[in-house]
Amino acid sequence: MSEAVQAREVRFAGVRFRYPGGVEAVRGVSLSIGPGERVAIVGQNGAGKTTLVRHLNGIFRPTEGVVHVGGETTDGKTIAQLAAQVGYVFQNPDEQLFARSVRADVEFGPRNLGLPAAEIPERADEALAAVGLLAEADAHPHHLSLSERKRVALAGVLAMRTPVVVLDEPTTGQDARGVEMIAGIVERLAAEGRTVIAITHDMDFCAEHFERVIVMVDGEVQADGDPREVFRQAGVLERAAVEPPQLLRLAGHLGWTAAPLTVDEFLDAYAGGS
Ligand SMILES: Nc1ncnc2c1ncn2[C@@H]1O[C@H](COP(=O)(O)OP(=O)(O)OP(=O)(O)O)[C@@H](O)[C@H]1O
Ligand SMILES: [Mg+2]
């Protein structure tokens, strides 16, 4: 991936969203995420995380408020136009995958962007290699496991090389190797200058790989900032049904003042007598 990334800011301004059935799933969210940030969105089931991020690629349009991508509102943009800016990996891959082969699925996105045909197989190969599924390129997605289908869906978005990548619960159902692979992809995307927004219930993954955490409760943002600051806010975590990452809890039990987020930070604190 050598071409320069056109970094994009995303911004929610007073966004509310009500489902046709009546549930108001997003209740006044205002925040901006700068180019190249790694942001995790956490919160209990039904907090509105998925509903919120689906505004970024136009699947949902705000009932009230405005969503901006790259300084322009999503209002007048089609899903196809937004797809060139924001890649969204669905929480449930079966809502995303539809083709008869893994390769065809991964090639669909880049093809739809109107890229030169000669470039597409190479992009698909690279994306499939990144998720460890190059050998499955000719398989039917339905013959793969759920965790593999999730990684095919991720490959489909990687192949589009969008400036903003949104991952909806990427590590759910992945074994340790899968989690490590996804963590490596998050780090690489950020190093390339892409914005990575991930919804996750895995606080250890969140603490190790994201520089900012947004906590949602009942359709509202209740905390937003550095993981060390956010994971200190016991009341918010309680309301969001979120447990702090294991290393932070352990450091707390040991009575340390240090707040390690990664194993390396933990070992440094240990060696330094915390
Ligand atoms: N298609 C829909 N129609 C009506 N209500 C919906 C629909 N999808 C979600 N909701 C409701 O909107 C609220 C927010 O749901 P959403 O899926 O955004 O939450 P979430 O934070 O992503 O949860 P999870 O962690 O379980 O994925 C919930 O009350 C949910 O029941
Ligand atoms: Mg969700």
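Just after helix 4, G132 adopts a positive phi of about 75 degrees. This value, like the others given here, comes from a predicted model. Helix 4 itself spans residues 120-130, and its buried residues are R123, A124, A127, L128 and A130. Seen down the helix axis, these buried residues fall within an arc of 155 degrees, so they line one face of helix 4. The spacing fits a general rule: an α-helix has 3.6 residues a turn, so residues three or four places apart point the same way. As for what lies over this face, the cover of the buried residues of helix 4 includes helix 3 (102-112), helix 5 (146-158) and helix 6 (176-191).

Turning to the strands, 4 of them form an open sheet with antiparallel pairing, and their order is 2-1-4-5. At the edges of this sheet are strand 2 (24-33) and strand 5 (72-73), each of which pairs on one side only. Within the sheet, strand 1 (residues 10-18) meets strand 4 (residues 64-69) in the antiparallel sense, and 5 bridges join the two. A reader following this pairing in the structure can look for R16, which stands opposite E64 in strand 4.

The surroundings of ligand 1 complete the picture. There are 13 residues around ligand 1, and A25, N45, K49, T50 and T51 come nearest. Helix 1 (residues 49-53) supplies the largest share of this shell, with 3 residues. Sorted by class, the shell around ligand 1 holds 8 polar residues, 4 nonpolar residues and 1 charged residue.

Definitions and conventions: Residues are numbered from 1 along each chain as its sequence is written. Chains are lettered from A and ligands numbered from 1 in the order in which they are written. This is a predicted model: local features need pLDDT of at least 70, side-chain atom pairs count only at pLDDT 80 or more; totals for chains, interfaces and linings use all residues. A residue is near a molecule or strand if its C-beta atom, placed from the backbone, lies within 6 Å of it. Ala, Val, Leu, Ile, Met, Phe, Trp, Tyr, Cys and Pro count as nonpolar, Asp, Glu, Lys and Arg as charged, and the others, Gly among them, as polar. Two strands pair if DSSP finds at least two bridges between them. A residue is buried if 20 or more other C-beta atoms lie within 10 Å of its own, exposed if 12 or fewer, and partly exposed in between; C-beta atoms are placed from the backbone. The arc is that of the directions from the helix axis to the C-beta atoms. Two residues are in contact if their C-beta atoms, placed from the backbone, lie within 7 Å.
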